[in-house]
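This report goes through one protein model, topic by topic. Please keep the sequence and the structure in view while reading.

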Amino acid sequence: LASQCPDLSKYLIAQSPTRSTIDFRDPAAVRSLNRALLKAFFGLTVHLPSDSLCPSVPNRLNYVQWIAENITAEFAHSPIWGVDIGTGASCVYPLLGVRVMPQCRFVATDINECSIQAAKQNVESNGLDARIRVYLNKNRETKLPLDDPEFPLPALADGQGAGQETVAFCMCNPPFYESEEERKRLGDMKAGAPSLQTGGKNDELYTEGGEAGFLKGLLAESKVLRERVRWYTTMVGKKSTLAVLKAELNAMGVARTKEGKLLQGRTTRWVIAWSF
């Protein structure tokens with residue numbers, strides 16, 4: 001990998017004549033590794049700002065592949081649109097998504113203007129602006145502002161507004177913590193385990209009510225939008241949040257749900273999807 005991406009070489013730590021690693025506590029090393037993975041395996045040149053969350057590429061790829069196998073397969077090879085809620089500076093989900101799912105185009109949304117500018121740069125530098133549209137969500141209370149006249153989905157052939165187009169799916173990797181205090185408390189519970197330093201802006205790490213609060217908001221919006229998004233999906237980081245979502249979906253009488261478990265090393269994440 002380092003032979004293809006020389007910047008990674010300076011962070012390598014030899015473990016044996018044929019095996020090397022990096023210091024996963026070093027944010028610069030972690031960014032270099034993930035840039036190298038995106039370049040070597042997907043032909044993507046991605047800028048990862050030091051003040052933004054650095055995505056773990058294998059973890060993100062697992063979610064994209066789950067969507068490819070469980071959601072977009074329903075649409076055969078028809079061109080479809082997906083919406084990434086909280087795309088971040090890397091825009092990693094749409095970038096991986098268009099590589100893994102050739103029929104997909106994306107709207108990449110975020111509430112942070114600096115993240116949006118970096119995401120645009122990553123899309124344009126890879127020549128993917130025809131397939132990925134980057135959108136600044138100015139309404140922090142809304143996850144899916146499909147009725148915003150500026151939301152960049154094309155108008156339907158019958159002349160309806162852009163907001164009336166059905167989205168094939170949305171995806172989301174919500175902020176994990178409610179506060180810095182919660183982050184520290186959970187970190188202390190993992191004392192002795194390797195600490196992966198991925199950085200991140202406050203918008204990317206913290207949200208009112210934590211992960212469960214954020215996703216309850218998405219559930220509430222889905223009750224209003226209903227079939228305008230064929231499949232609502234999200235990654236879930238806490239098993240307790242998964243239980244809350246399943247109970248809420250059951251109470252809502254949602255017609256169809258799907259669930260998956262994503263395993264990457266010692267990390268377990270879940271994906272849940274629902275459709276009206």
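## Disulfides and cysteines

How many disulfides does a search of the whole structure find? The search finds 0 disulfides. The model is a predicted one, and this count, like the other values below, is computed from it.

Two cysteines can be looked at one by one. C91 has a relative accessible area of 0% and is buried. C5 has a relative accessibility of 12%, and because the cut-off for buried is under 20%, C5 is also counted as buried.

## Overall make-up

The protein has 276 residues, and 47% of them are buried. Its secondary structure consists of 8 helices and 9 strands. The accessible surface is about 13,600 Å², and carbon and sulfur atoms account for 49% of that area.

Contacts can also be sorted by distance along the chain. Of the contacts with a separation of 6 or more, 70% are between residues 24 or more positions apart.

## Confidence

The mean pLDDT of the protein is 88, and 84% of the residues reach 70 or more. Which helix has the highest confidence, and which the lowest? Helix α3 (residues 92-100) is highest at 98, while helix α6 (residues 202-205) is lowest, with a mean of 58.

Residues 156-164 have a pLDDT below 50. In the model this stretch makes 12 contacts beyond near neighbours in sequence. Where pLDDT is low, predicted coordinates should not be read in detail.

## Nonpolar cores

The largest nonpolar core contains 49 residues. Among the residues with the most contacts inside this core are Y63, I67, F106 and M171. Helix α1 (residues 27-42) supplies the largest share of the core, 7 residues. A second core, separate from this one, has 28 residues, including I85, F151, V229 and V236.

M171 shows what such a position looks like in detail. Neighbours within four places in sequence are left aside here. M171 is then in contact with Y63, V64, I67, V83, D84, I85, Y93, F106 and T233. One of these partners, I85, belongs to the second core.

## Two single residues

P94 lies in helix α3 and is buried, at 0% relative accessibility. Apart from neighbours within four places in sequence, P94 is in contact with D84, T87, F106, A108 and I132. F106 is also in the list of contacts of M171. P94 and V64 are 30 residues apart in sequence, and their C-alpha atoms are 8.9 Å apart in space.

S9 is found in the segment before β1 (13-16). Is S9 buried, exposed or partly exposed? S9 is partly exposed, with a relative accessible area of 39%. S9 and A29 are 20 residues apart in sequence and 9.7 Å apart in space, C-alpha to C-alpha.

## Salt bridges

Side chains of opposite charge can pair when their charged atoms come close. The model has 7 salt bridges. D7, K10 and R35 are linked in a network of such bridges.

Three pairs can be described one at a time. In the pair of D23 and R25, the closest N and O atoms are 3.1 Å apart. D23 is partly exposed at 27% relative accessibility, and R25 is exposed at 58%.

R228 and D147 also form a salt bridge, with 2.9 Å between the closest N and O atoms. R228 is in the loop between α7 (210-225) and β7 (229-236), and D147 is in the loop between β5 (132-136) and β6 (167-172), so this pair ties together parts that are 81 residues apart in sequence. R228 is buried, with a relative accessibility of 16%, whereas D147 is exposed, with 56%.

The third pair is E259 and K246, whose closest N and O atoms are 3.2 Å apart. E259 is in strand β8 (residues 256-264) and K246 is in helix α8 (residues 239-252), so the bridge ties together parts 13 residues apart in sequence. E259 is partly exposed at 42% relative accessibility, and K246 is partly exposed at 40%.

Methods:
Residues numbered from 1 in each chain as written. Predicted model: local features only at pLDDT ≥ 70, side-chain atom pairs only at ≥ 80, totals over all residues. Heavy atoms only, no water. Core = buried A, V, L, I, M, F, W, Y, C linked by side-chain atoms within 4.5 Å. Buried < 20%, exposed > 50% of the residue type's maximum accessible area, 1.4 Å probe, protein only. Helix = DSSP H or I, 4+ residues; strand = E, 2+ residues; numbered from the N terminus. Contact = heavy atoms within 4.5 Å. Disulfide = S-S within 2.5 Å. Salt bridge = Lys/Arg side-chain N within 4 Å of Asp/Glu carboxyl O. pLDDT = per-residue confidence, 0-100. Areas by Shrake-Rupley, 256 points an atom, 1.4 Å probe, with all protein chains shown as cover.
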